[in-house]
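Subject: Structure handover

Hello,

Here is the structure for you to take over. Please open it alongside this message.

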Amino acid sequence: MAQPLDLAAVSSFENLEFLARQLVEGFITGLHQSPYHGFSVEFSEHRLYNPGESTRHLDWKVFARTDKLFVKRYEEETNLRCHLLLDVSPSMYYPAPGNDKLRFSILCAAALITLLQKQRDAVGLVTFADQVELQTPVRSTSTHRHTLLLTLQQLLERPPTRRVTDVAHVIHQIAQQIPKRSLVVLFSDMLGRAPEEQTTMLAALQHLRHQHHEVLLFHIMDRATESEFAFADRPYLFEDIETGEQIKLQPNQVRDQYRAAMQRYEQELALRCGQYKIDFVPVDIREPFDKALYAYLVKRGKVR
């Protein structure tokens, strides 16, 4: 089983491109050694056979190695357009600079970019907080991949700034701008300033589906503190990362109410994503990042 990464140690890698390549190679090797072995074999060249379809293009060599039926996929079938949307708002710098949700998301995005290029798929990057900061073209060249990874490398070293998050506004904007049916992968904690913001964020995700895009949402959280409120029972001074607003309290006084509110929020988010046919993947930054890559491979297989 893959081990969680020491996010703080990632800063010691001056070359994110090299690190991403190592992680992807390790992930693929792990797939070959796992129960999902058949799914990983030449995944850019094959797809699983659907019962009832023609057997003309079955790859019998792969069948002999894996005991699973795969159909050869041709060049026009393999091309995918993927837009990676990365939330870089202040809340993504939680719980601590250098060991935060943004660093985890950057690492996942870098690995996905490497995997996409390995499969000859086109990828573009969007970074946002209250508005779109960066929006790149969608390309499949190695030069483009190198540029995207350099951009992510620079993000690793950038400190947070005081500003609010507006996930809904940005998603609506992107939904209107993407011209062709694409896979949209969103990395965000989906946290807003008020309860009603959840409704607007969900409406924005529905807008993407209305435009016929496939959507994969990675809900990035530090689950121990953000979901379970697992703080020691002593007085704390909590500060809103985006506004600087502060409040003093003892965790055991509000823990039950907090957990109940977060559970309602996460259940509603997962339920609505299911209704909209959006793949919802809760991610804990204390767990291995392989879960994100595997979720992408599963989703990619559906985008046909």
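Below are the findings, grouped by topic.

Please keep in mind that this is a predicted model.

**Nonpolar cores**

The largest nonpolar core has 46 residues. Seven of them touch the most other members: L84, L86, L152, V185, F187, F218 and Y296. Helix 6, residues 101–118, gives the most to this core, with 12 residues. Apart from it lies another core, this one of 27 residues. Its members include A175, L205, L269 and I278.

Y296 deserves a look of its own. Leaving aside residues up to four places away in sequence, Y296 touches L80, L112, L115, L116, Q119, D121, L183 and L216.

**A292**

A292 sits in helix 12, which covers residues 290–302. Is A292 buried or exposed? Its relative accessible area is 4%. The cut-off for buried is under 20%, so A292 counts as buried. Beyond four places in sequence, A292 touches C108 and F218. F218 is also one of the core residues that touch the most other members. From A292 to P282 is 10 residues in sequence and 9.3 Å in space, C-alpha to C-alpha.

**D284**

D284 belongs to strand 10, residues 279–284. D284 is buried but has no salt bridge. Which side chain of opposite charge is nearest to D284? That is R286, 4.7 Å away. A salt bridge needs the side-chain nitrogen within 4 Å of a carboxyl oxygen. A polar atom of the D284 side chain does lie 3.4 Å from the backbone nitrogen of R223. R223 is also among the residues that D284 touches beyond four places in sequence, along with F104, M221 and D222.

**Salt bridges**

How many salt bridges does a search of the whole structure find? The search finds 10. Here are some of them.

- E214 and R209: their side chains meet at 3.7 Å, N to O. Both E214 and R209 are buried.
- R259 and E228: the closest N and O atoms are 3.6 Å apart. R259 lies in helix 11, residues 255–275. E228 lies in the loop between helix 10 (223–226) and strand 8 (236–239). The pair therefore ties together parts that are 31 residues apart in sequence. R259 is partly exposed, with a relative accessible area of 34%. E228 is partly exposed too, with 38%.
- R272 and E268: their side chains meet at 3.2 Å, N to O. The two are four residues apart in helix 11, so about one helical turn separates them. R272 counts as partly exposed, at 21% relative accessibility. E268 is partly exposed as well, at 28%.
- K101, D189 and E226: salt bridges link these three in a network.

**Strands 4 and 5**

Strand 4 (residues 122–128) and strand 5 (residues 132–135) run antiparallel, and three bridges join them. The connection is a hairpin through three residues. V126 has Q135 of strand 5 as its bridge partner.

**Where to start**

I would open D284 and its surroundings at the outset. D284 is buried and lacks a salt bridge, while its side chain has a polar atom 3.4 Å from the backbone nitrogen of R223. Then turn to the R259 and E228 pair, which joins helix 11 to the loop after helix 10.

Best wishes

Notes
Residues are numbered from 1 along each chain as its sequence is written. This is a predicted model: local features need pLDDT of at least 70, side-chain atom pairs count only at pLDDT 80 or more; totals for chains, interfaces and linings use all residues. Side-chain values use heavy atoms; hydrogens and water are left out. A nonpolar core is a set of buried Ala, Val, Leu, Ile, Met, Phe, Trp, Tyr and Cys residues joined through side-chain atoms within 4.5 Å. Buried means under 20% relative accessible area, exposed over 50%, partly exposed in between (1.4 Å probe, protein chains only). Contact means heavy atoms within 4.5 Å. Two strands pair if DSSP finds at least two bridges between them. Lys and Arg count as positive and Asp and Glu as negative; His and the chain ends are not counted. A polar contact is a pair of N or O atoms within 3.5 Å; within protein, one must be able to donate a hydrogen and the other to accept it, and residues adjacent in sequence count only if both atoms are side-chain atoms.
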